[in-house]
Amino acid sequence: MFSFIRSGVALLILAAALPAHAALKVLATTADWGALATEIGGDQVNVYVATSALQDVHRVDAKPSLVARARTADLVFATGAELEIGWLPVLIQESGNSRIQPGSPGYFEATSVLTLLEKPEHFDRALGDIHPQGNPHVQLDPHNIARVAKALTERLSQLDGAHAQYFQQREKDFDTRWQAAIQRWEGEAAPLKGKPVVVMHRDQTYLCQWLGLNQVAAIEPKPGMPPTAGYLGQLVTKLTASPPRVIMVNAYNDPKAANWLSDRVHAPTVVLPFSVGGSKEAKDLFGLFDDTLNKLLAVLK
Amino acid sequence: MMSCKALAALLALAGMTTPLLGHAADDVASLRAELQALKDDYHKRVDALEQRISTLENAPVGGLAEATPAPEPAPAMASAGGGGGGTGTAFNPAISLILTGNYAHIDQDPATWRIGGFLPPEGEVGPGERSFNLGESELTLSSNVDPYFSAQMTAALSAENEVEVEEAFFRTLALPEGFTAKGGRFFSGFGYLNEVHSHAWDFADQPLVYQAFFGNQFKQDGVQVKWLAPTDLFIELGAETGNGSGFPATRLSKNGLNGATLFAHVGGDYGDATSWRAGAAYLDQRAEDRSFETVDEFDLPLTNAFTGKSRTWVVDGVLKWTPVGDPNRRQLKLQGEYMQRRESGLLTFDTAGSNLTDDYSSTQSGWYVQGVYQFLPRWRAGLRYDSLDSGTPHIGLVESGELPLSAFPLLLPANPDRISIMLDWNPSEFSRLRAQFDWDDARDSGDRDQAFRLQYIYGIGAHGAHKF
């Protein structure tokens with residue numbers, strides 16, 4: 001009996017010691033950060049993505065399965081700027097995992113290395129669900145991805161010094177391909193400049209800013225507030241006077257309001273992947289931008 | 001004298017933390033200057049950060065020959081995860097305030113409300129009062145203390161102008177191997193609803209079984225240790241002990257601890273759309289002179305008391321089905337809990353008068369099931385069924401013939417039940433208006449009480465995060 005317990009304890013200790021030599025466990029809050037962690041970490045990371053492209057990352061449940069993943073994670077890779085505030089703090093708190101507490105090397109926020117747009121001048125919830133640090137939907141500007149990739153590489157190297165060179169090599173390789181892709185995308189996207197578009201929520205702001213699209217209206221009257229009939233009515237009046245070229249919807253959005261508006265202002269709706277996995281083509285970060293541009297160019301050229 | 005000193009100390013503290021109140025008008029100018037200096041400093045830092053970012057961007061990607069003196073991971077900003085972010089001085093705790101209230105229309109006199117066959121629990125149980133009622137206002141402050149602990153306090157301000165410390169506890173952040181410890185006053189971690197604060201309930205009140213067994217929610221001053229298994233399946237084990245200050249336990253007239261609570265939860269996903277959690281718990285507690293007001297066979301008021309063991313089993317389960325990914329568009333939440341309690345010891349009749357004592361034992365049980373469906377982005381509808389079984393208690397004083405059974409009207413066997421429906425509208429993440437209708441036979445009188453409540457819940461301050 002005692003030897004049984006002893007061998008059990010030995011096994012437990014062994015199990016606790018093992019992960020030090022295994023791949024880093026990364027808990028990414030979105031599919032985009034998951035894809036980026038895979039680009040940089042290669043087979044030295046084991047990535048689990050907490051949400052899918054069909055979810056609003058601001059509004060997911062702190063599911064038991066996610067708490068379990070947080071327990072064993074070596075690194076939490078989050079967006080930050082309060083995007084995940086409704087659930088990530090619970091995961092971290094319930095995880096019993098000291099390595100991923102904010103402030104530890106095992107907690108990394110993409111927005112901590114980015115300059116955010118739409119940083120509110122004053123904070124008032126009457127303005128909707130605004131984020132004091134600025135708009136957190138940063139992933140649709142590819143330059144942001146490149147910046148985050150560099151910071152992530154540093155963080156992975158810090159957590160797993162033995163593979164620092166491996167991570168840096170992969171980052172270098174990724175960055176070469178990424179910069180080339182950015183150049184190609186920016187070339188292809190030239191005709192999009194200045195085109196008037198309607199967005200769903202302010203989560204397409206970075207995309208619009210990058211491509212020079214002219215965001216003339218948002219279907220949500222205020223961030224996080226679904227549109228009312230009255231507001232949509234006003235929108236029709238406003239947009240009939242100066243019609244947009246396209247109404248941009250994200251894969252995770254309910255397209256009802258956008259389709260309704262589309263019929264009335266005679267502008268097509270385009271469903272963009274928004275996140276890796278948001279469409280068949282958006283298999284990875286390159287696919288995400290390829291598909292987003294192709295879909296926009298198809299209606300805006 | 002002492003209170004004078006305390007007052008003075010408080011005033012001094014207030015003067016320190018809110019200088020604007022304490023200083024005269026001539027200080028305003030210097031404060032302005034200080035603020036300006038702070039602003040300038042802030043701008044400088046932002047500029048410096050921006051510069052760092054641009055240097056990083058322009059840095060040659062190649063020549064990273066020097067190993068990795070990993071630049072310190074962007075300070076300050078990384079604080080997030082928690083509240084903080086910008087809404088005040090960086091070190092202020094996250095503050096949130098919940099306001100609730102209702103308008104109630106209740107057919108039968110709420111003063112006669114009771115749960116048939118069950119000893120009256122302590123706590124604010126029952127449907128509440130008629131007409132407009134201010135509910136509890138919950139003020140929560142929370143923050144990390146240091147890298148090792150976080151702390152949180154919730155004060156409940158009642159409509160009767162009383163302040164109650166609902167929860168006040170510290171929690172560890174840095175224990176190894178999946179352990180977390182908590183100490184202070186806190187809602188016990190067993191079951192599903194026990195830990196949930198009232199503003200996050202899916203109905204205006206707790207299920208009858210929680211009201212009868214724990215006077216809404218069980219808490220005491222004590223400690224909790226939880227362990228989370230390092231597995232993909234969520235497995236959580238917890239143990240608690242404390243002073244027993246919450247019903248059905250009482251504080252004891254000796255040193256040491258009152259009993260123990262053990263609980264386990266298991267959870268996971270089933271496919272992409274379904275998540276679940278199930279649990280079981282056992283509470284082993286003691287009550288000493290746990291008194292309750294009642295009447296005797298002549299309807300005269302008197303006080304009885306119970307001393308003995310109280311042991312409770314709890315089984316709980318919750319399942320959420322989110323077909324389109326976004327729980328705000330469509331979600332079905334099903335939950336249910338079952339409890340069984342065995343009490344054995346001594347029952348004293350009329351502690352202030354005849355003071356007769358003999359043995360007593362009971363086995364009581366109860367359960368509820370409820371479903372809440374989010375069918376449109378702002379709308380949820382719910383249905384709940386409550387059922388209790390008081391069993392037939394063994395009362396020594398009655399069996400020995402000393403007293404008639406009618407001397408214990410509260411202990412007459414009963415099977416209370418209740419049906420509730422609710423509809424709530426959530427204009428935003430921070431506001432909720434709810435209508436609830438109950439067909440309530442908690443009295444087990446056969447004549448169902450009907451209660452209609454309109455309730456509001458508003459949250460201001462830090463953005464809350466809720467458990468599953």
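These exercises work through the domains, helices and cores of a predicted model.

Local features need pLDDT of at least 70, side-chain atom pairs count only at pLDDT 80 or more, and totals for chains, interfaces and linings use all residues. Residues are numbered from 1 along each chain as its sequence is written, while chains are lettered from A and ligands numbered from 1 in the order in which they are written.

**Exercise 1.** Find the domains of chain A and state how many residues of each are in contact.

Solution. Chain A splits into domain 1 (2–184) and domain 2 (189–300). These bounds come from an automatic or database domain assignment. Between the domain centres, taken over C-alpha atoms, lie 28 Å. Next, count contacts (C-beta atoms, placed from the backbone, within 7 Å). In domain 1 of chain A, 26 residues are in contact with 24 residues of domain 2 of chain A. On the domain 1 side, helix 2 and helix 5 of chain A are the elements giving two or more residues. Helix 2 of chain A gives the largest share, five residues. Helices here are DSSP runs of H or I, at least four residues, and strands are runs of E, at least two, numbered from the N terminus.

**Exercise 2.** Describe how helix 2 of chain A passes helix 5 of chain A.

Solution. Take the axes of helix 2 (residues 31–41) and helix 5 of chain A: they come within 10 Å and cross at roughly 60°. Axes are lines fitted to C-alpha atoms, for helices over the stretch in contact, with angles from 0 to 180 degrees between N-to-C directions. The angle makes helix 2 of chain A oblique to helix 5 of chain A. Angles under 35 degrees count as roughly parallel, over 145 as roughly antiparallel, 65 to 115 as roughly perpendicular and the rest as oblique. Among the residues making the contact are L36(A) and A37(A) of helix 2 and L152(A) of helix 5.

**Exercise 3.** Locate the largest nonpolar core.

Solution. A nonpolar core is a set of buried Ala, Val, Leu, Ile, Met, Phe, Trp, Tyr and Cys residues joined through C-beta atoms within 7 Å. Buried means 20 or more other C-beta atoms within 10 Å of the residue's own; exposed means 12 or fewer, and partly exposed lies in between. The largest core has 87 residues, with V26(A) and F77(A) among those with the most contacts inside it. Helix 5 (residues 142–159) of chain A supplies the largest share, seven residues. Both domains of chain A give residues to this core, so it lies between them. V26(A) touches A37(A) and F77(A), among others.

Methods
Two residues are in contact if their C-beta atoms, placed from the backbone, lie within 7 Å. A crossing is left-handed if the near helix is turned anticlockwise from the far one by less than a right angle, and right-handed if clockwise. Lists of a residue's contacts leave out its neighbours within four places in sequence.
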